[in-house]
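This briefing introduces the structure shown below to a reader who has not met it before. It treats the arrangement of the interior, the pairing of strands and the placing of aromatic rings.

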Amino acid sequence: MARHRNVRGYNYDEDFEDDDLYGQSVEDDYCISPSTAAQFIYSRRDKPVGEPVEEYDYEDLKESSNSLLNHQLSEFDQARLYSCLDHMREVFGDAVPDDVLIEAVLKTKFDVQKALSMVLEQDKMQNLKVKSEGTISMGKIAKGVLLSYSEVSTDNVQSSCPQSANHLDCSSKPFGFSGSVAKYGLYHNSSGKSVDCQSSRSESEIVPKVAKMTVSGKKQTMGFEVPGVTAEENGHSFHTPHKGHPSEDTSVASSDILETVSKSVLSSHTIQSEEQSSIQTPVKKSSKLKQQIDVRAELEKRQGGKQLLNLVVIGHVDAGKSTLMGHMLYLLGNVNKRTMHKYEQESKKAGKASFAYAWVLDETGEERERGVTMDVGMTKFETATKVITLMDAPGHKDFIPNMITGAAQADVAVLVVDASRGEFEAGFETGGQTREHGLLVRSLGVTQLAVAINKMDQVNWQQERFQEITGKLGHFLKQAGFKESDVAFIPTSGLSGENLITRSQLSELTKWYKGLCLLEQIDSFKPPQRSIDKPFRLCVSDVFKDQGSGFCVTGKIEAGYIQTGDRLLAMPPNETCTAKGITLHDEPVDWAAAGDHVSLTLVGMDIIKINVGCIFCGPKEPIKACTRFRARILIFNIEVPITKGFPVLLHYQTVSEPAVIKRLISVLNKSTGEVTKKKPKLLTKGQNALVELQTQRPVALELYKDFKELGRFMLRYSGSTIAAGVVTEIKE
């Protein structure tokens, strides 16, 4: 029982007589070793390890206050006096006693310039010549320019401190300079103007003091400011760049702040200061301009000269899209063997052994459980000459809106069809997604297509089946608007991996097929022209809260480019924010250009105001938001004719918005675009027409002629796509 103390009868006051410690429990001293306590427990008795920040002590002010007792001064006059004394001490340091300075200020009625002149004249009469000799080397400032000053006599250096009517301007300056800048008394006040106070110095080095504050009625500014200096000596000029206050947009041209002109043979220099108003030559903007010119060059340098290509994989449900691309990624080494083995084991347990490769792209539990892709899976891989952003679109008709989102961001497409008997026919006939997907990607601007005829191993790689499918599909794709030269047909097997990244060695296939494998075909696609020179546009495909401040949005940059720190405008909410960070393929970058799928970290805006479908643009060149616009539409196969007041669902980039066809303006000729009929009563399948649409909420749109990527849209009705269109006129 020796370990148990008598807790009730114990007198704790004996232990804690001297140290009244807040937040320390009674048991603390008995449960841990002294070394642990010293390391982890804070005690007020311990002295701080670091050196305390040197602060300005007011002892000299107290001493000088004794001499003030002789002069009866009001509080206002005392404040003026202290403010003037601060300025004079910056000039003289400790070389001149305080009594002399106070007397001079009072005699000149708080005029700093006159007081300085009076003290200097007294010094001259006593033959006290103050010279600062020797060479002072300044270290690297901003860009590391070395300055050296030598033999600068300050006999004819005049003080030029601008004073206001009440002489209280002295307090609105920052303080605490080091090195030669402190010796020459160069200051930068909060309004962005340069204030130059020079005078004589003692030969002894004066250690600059930190954080000196004066009490006055003006706003006090704290911090360190190092203005640029241009010193000219023996015909050689040295220049240090000037950096303005970080909170100010304007920075002052450093070469104009100080001009040093050799005035006399004795090599005495007069340093003059010119007060500058806010001249807009910001350092940041000049670097932006530099990068703006080099964006194309930087794009070529990135990824070792490889070009960027956005690829969408489309096709009927269960055609094997996810398995095909998942196996391709595994063969390329983008998925390691350990992860693949885990997927194989898990899919066997779930009774879906053949879905192992699909799980590479179908990451959510629901997608894996149902065996159906629901959202657009996005990943990256590289070929010999390209960097490919892969988007795996869902094939199920319930998720066509998601598929449109993926296809709207793509440059090229891979259409996957199932070669097995009955499956191709089900996908290709009316109601199947093969036709609809082909029409959709063509309407959304995709011109190059690779058709992967999958599951060829189930029909023993028969040439007849391959030719039957290519015949039917080729005819349909030509009608949809694809050129024959831009469509390639490749026999593949997603599960066995044949003809994916290397040409197949199977005798059943090689005896009749001599063409490219799927990877070679993807590599041979021509990348589209990027709109880097146009104003910045980014369409939001996802919004989420990230760690830290701000929130993140993801999407594809349709035009222009962006750098970290840029101001952005979000439409339709019409709110501005700042891009704090840019992430490209999970790697932080300083800039991104048209074609990149990026994630932006934004600050200065509420996440509630941003929805999927918002468009970010530059504040100077905003995108228009409207609820009414005119468009030219092409009607697909529809059962019910379109009339005035017809309700539709507008799919535009990542936006899905209910709309109504307000007016049927005219029917147009498909090939020439001429008006064949004005004010039609209804529109039927295959017609080309000019209509006016009205949306419930504002949508940010661009004209097709200005931005092809942002001028296209799709119209859907009761689960099927009924028309594709381009914006011709924005009404309001």
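**Buried rings and their surroundings**

Phe476 counts as buried, with a relative accessibility of 6%. The model described here is predicted. The points below begin with the aromatic pair to which Phe476 belongs, and then turn to other ring pairs, the nonpolar cores, one strand and one helix residue.

**Aromatic pairs**

- In total, 8 aromatic pairs are counted.
- One of them joins Phe428 and Phe476 in an edge-to-face arrangement, with the centres 5.8 Å apart and 85 degrees between the planes.
- Phe428 belongs to helix α14 (residues 423-428) and Phe476 to helix α16 (residues 463-480), so this pair ties together parts that are 48 residues apart in sequence.
- Phe428 is likewise buried, at 6% relative accessibility.
- Another edge-to-face pair is formed by Phe466 and Tyr513, at 6.3 Å centre to centre and with 70 degrees between the planes.
- Phe466 is in helix α16, whereas Tyr513 is in the loop between α17 (507-510) and α18 (518-523); the pair therefore ties together parts that are 47 residues apart in sequence.
- Both Phe466 and Tyr513 are buried.
- Phe424, Phe428 and Phe476 are linked by ring pairs into a cluster.

**Charges over rings**

- Arg442 places its charged end over the ring of Phe482, at 5.9 Å from the ring centre.
- Lys534 is positioned over the face of Phe707, 5.0 Å from the centre of that ring.

**Nonpolar cores**

- In soluble globular proteins, nonpolar side chains tend to be buried together.
- In this model, the largest nonpolar core comprises 71 residues, and Val451, Leu473 and Leu518 have the most contacts inside it.
- Apart from that core there is another of 38 residues, which includes Met571, Phe646, Val699 and Leu710.
- Leaving aside residues up to four places away in sequence, Leu473 touches Leu415, Val417, Phe424, Phe428, Thr434, Val451 and Phe489.
- Two of these contacts of Leu473, Phe424 and Phe428, also belong to the ring cluster with Phe476.

**Strand β11 and its partners**

- Strand β11 covers residues 386-392, and 7 of its 7 residues are buried.
- Lys386, Ile388, Leu390 and Asp392 point one way from β11, while Val387, Thr389 and Met391 point the other way; residues on both sides are buried.
- Strand β9 (residues 307-315) runs parallel to β11 and is joined to it by 7 bridges.
- Within β11, Val387 stands opposite Leu308.
- Strand β10 (residues 377-382) runs antiparallel to β11, and 6 bridges join the two.
- Thr389 in β11 is the bridge partner of Lys380.
- The connection from β10 to β11 is a hairpin through 3 residues.

**A buried threonine in helix α13**

- Thr405 is part of helix α13, which spans residues 400-408.
- Is Thr405 buried or exposed? Its relative accessible area is 18%, and the limit for a buried residue is under 20%, so Thr405 counts as buried.
- Thr405 touches Gln653 and Thr654, when residues up to four places away in sequence are not counted.

Note on methods:
Residues are numbered from 1 along each chain as its sequence is written. This is a predicted model: local features need pLDDT of at least 70, side-chain atom pairs count only at pLDDT 80 or more; totals for chains, interfaces and linings use all residues. Side-chain values use heavy atoms; hydrogens and water are left out. A nonpolar core is a set of buried Ala, Val, Leu, Ile, Met, Phe, Trp, Tyr and Cys residues joined through side-chain atoms within 4.5 Å. Buried means under 20% relative accessible area, exposed over 50%, partly exposed in between (1.4 Å probe, protein chains only). Contact means heavy atoms within 4.5 Å. Helices (H or I, at least four residues) and strands (E, at least two) are DSSP runs, numbered from the N terminus. Two strands pair if DSSP finds at least two bridges between them. Rings of Phe, Tyr and Trp (its six-membered ring) pair if their centres lie within 6.5 Å; planes under 30 degrees apart count as stacked, over 60 as edge-to-face and the rest as tilted. A charge sits over a ring if NZ of Lys or CZ of Arg is within 6 Å of the ring centre and within 35 degrees of the ring normal.
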